[in-house]
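Okay, thanks everyone, let's get going. I'll put the structure up and then talk you through a few things in it.

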Amino acid sequence: MPATKRKEAKASKPTVSSEAKTNDADQKKDSKESKPKLLPIFILAVTITVGALAYSRNLDLPMNPDEARAEYEAQINNQDKYKDESKRPAAGTGSATNTDLSSIIADGGQIFTASELKQYNGEDPEKPIYLALLGQVFDVTKGKEHYAKGGGYGFFSGRDGTRAFVTGDFTEKGLIDDIKGLTYENLIGIKEWIDFYRKDYSYVGKLIGRYYDSEGKPAAILSKIKTRLTKAYRLREEAQVENLKMPGCNTRWTKEEGTVYWCENKSGAIERDWAGVPRKLFSAEGKFKRCACIRTSGPSSYGSVKNTNNGDLGFHLLREYEGCNPTSNTCKANDAQ
């Protein structure tokens, strides 16, 4: 039994939730094929990192902001891998300036040990179904078609599988609460999943372990996560601003042509009144980030560029693609097979 007195959860009447609308065929897909990027909000995603000084013993996160931005773009480009399209948070749609982090540290509720939480894993139809996320326990019984044994998300039930929510690794090795090595955008994803469960399901209590002690008091790592989330949202906003100035290129690859980059009035999910030309965009450290569409007329978006009428072509972190016409809006990379 839990360390504190627990009220028996009443089984709710079956309701048709938006989750229930998920195609049955999708639920039966092997998790390796569907690999939902359960990132919230989530997700997101804007993988944004803080800097070498942010490493710590309790929370080891990538520190390169450019890698964070690259992951954000990758998350946007791969949103279609989520199973539950009607419920999951959409990557990159969360507010870049959302600093309400009150949901990260839970208050009140029952206290569970890992063995006690396991009893609510969806195998016993007479018991409610619980899962934990960052040490917070939620009742997901109303979504039992997904969280009961054999359901599309059944592997989350009865445990804290925080890491898998943002990595898509649903193996026993991946379904753990350890977030060491995750990116800042991953952290935003976790936070958005917590917000999702608080909104659509019921908060029950806390899990004793990495995030809460036997009395339900929060561990120091939760405060560190809040600090990093504050910076992650700021860096996400910076990445979004950069993407507005230099949207990503449209790309395609065929065995015959190789990779083709092109720019038009909509690319990188950004609609605009100019198309631009493809350029390689590098980080300040000289690491290639992505293909970017660069405006070729009007004043520059950057104060460091001389006041010319060539748009952002003079930005110092841009390079032309070899073998491509620098004035063309299309570039074919030399990687055909």
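I'll start with the overall chain, go through the disulfides, and finish with a cavity and a pocket.

So, first thing to say: this is a predicted model. The chain has 337 residues, and 51% of them are buried. In secondary structure we get 8 helices and 12 strands. The exposed area of the chain is about 16700 Å², with 49% of that coming from carbon and sulfur atoms.

Right, disulfides. How many does the count come to? It comes to 3 disulfides. If you number the bonded cysteines in sequence order, the pairing reads 1-3, 2-4, 5-6. Let's take them one by one.

Up first is the bond between Cys249 and Cys291, where the sulfur atoms sit 2.0 Å apart. This pair links distant parts of the chain, 42 residues apart: Cys249 is in the loop between α8 (220–245) and β5 (250–254), and Cys291 is in strand β10, which covers residues 288–294. Is Cys249 buried or exposed, and what about Cys291? Cys249 is buried, and Cys291 is buried too. As for handedness, the torsion about the S-S bond is about -75°, so the disulfide of Cys249 and Cys291 is left-handed.

Next, Cys263 and Cys293, with an S to S distance of 2.1 Å. The link of Cys263 and Cys293 is left-handed, with -100° about the S-S bond. Where do the two ends sit? Cys263 is in the loop between β6 (258–262) and β7 (266–267), while Cys293 is in strand β10, so the disulfide ties together parts 30 residues apart in sequence. Now, burial. Cys263 has a relative accessible area of 1%, so Cys263 is buried. Cys293 is at 0% relative accessibility and therefore counts as buried.

That leaves Cys324 and Cys331, joined with an S to S distance of 1.9 Å. Which hand does the link of Cys324 and Cys331 have? With 65° about the S-S bond, the link is right-handed. Cys324 has a relative accessible area of 16%, and since buried means under 20%, Cys324 makes the cut. Cys331 is at 3%, so Cys331 counts as buried as well.

Keep those two cysteines in mind, please, as we move on to empty space. Rolling a probe the size of a water molecule over the atoms shows where empty space is left. The second largest cavity has a volume of about 50 Å³. Which residues line the second largest cavity? Cys324 and Cys331 are both among them, along with Pro278, Arg279, Glu320, Tyr321, Asn325, Pro326 and Ser328. By class, the lining of this cavity has 5 nonpolar, 2 polar and 2 charged residues.

Last item: the second largest pocket, at about 280 Å³. Of the 16 residues lining the pocket, the closest to its centre are Asn121, Phe155, Ser157, Gly158 and Arg159. Which helix gives the largest share of the lining of the second largest pocket? That's helix α4, residues 114–118, with 3 residues. The class breakdown for the lining of this pocket is 5 nonpolar, 5 polar and 6 charged residues.

To recap the disulfides: Cys249 to Cys291 is left-handed, Cys263 to Cys293 is left-handed, and Cys324 to Cys331 is right-handed. That's it from me, happy to scroll back to any of these.

Terms used:
Residues are numbered from 1 along each chain as its sequence is written. This is a predicted model: local features need pLDDT of at least 70, side-chain atom pairs count only at pLDDT 80 or more; totals for chains, interfaces and linings use all residues. Side-chain values use heavy atoms; hydrogens and water are left out. On a 1 Å grid over the protein atoms alone, a cavity is a set of points where a 1.4 Å probe fits but cannot get out, and a pocket is an open set with protein on both sides within 12 Å along at least five of seven lines; lining residues have an atom within 4 Å of a point. Grid points are joined across faces, edges and corners, and a volume is the space filled by probe spheres set on the points. Ala, Val, Leu, Ile, Met, Phe, Trp, Tyr, Cys and Pro count as nonpolar, Asp, Glu, Lys and Arg as charged, and the others, Gly among them, as polar. Helices (H or I, at least four residues) and strands (E, at least two) are DSSP runs, numbered from the N terminus. Buried means under 20% relative accessible area, exposed over 50%, partly exposed in between (1.4 Å probe, protein chains only). Accessible areas come from the Shrake-Rupley method with a 1.4 Å probe; for residues, only the protein chains shown count as cover. A disulfide is a pair of cysteine sulfur atoms within 2.5 Å.
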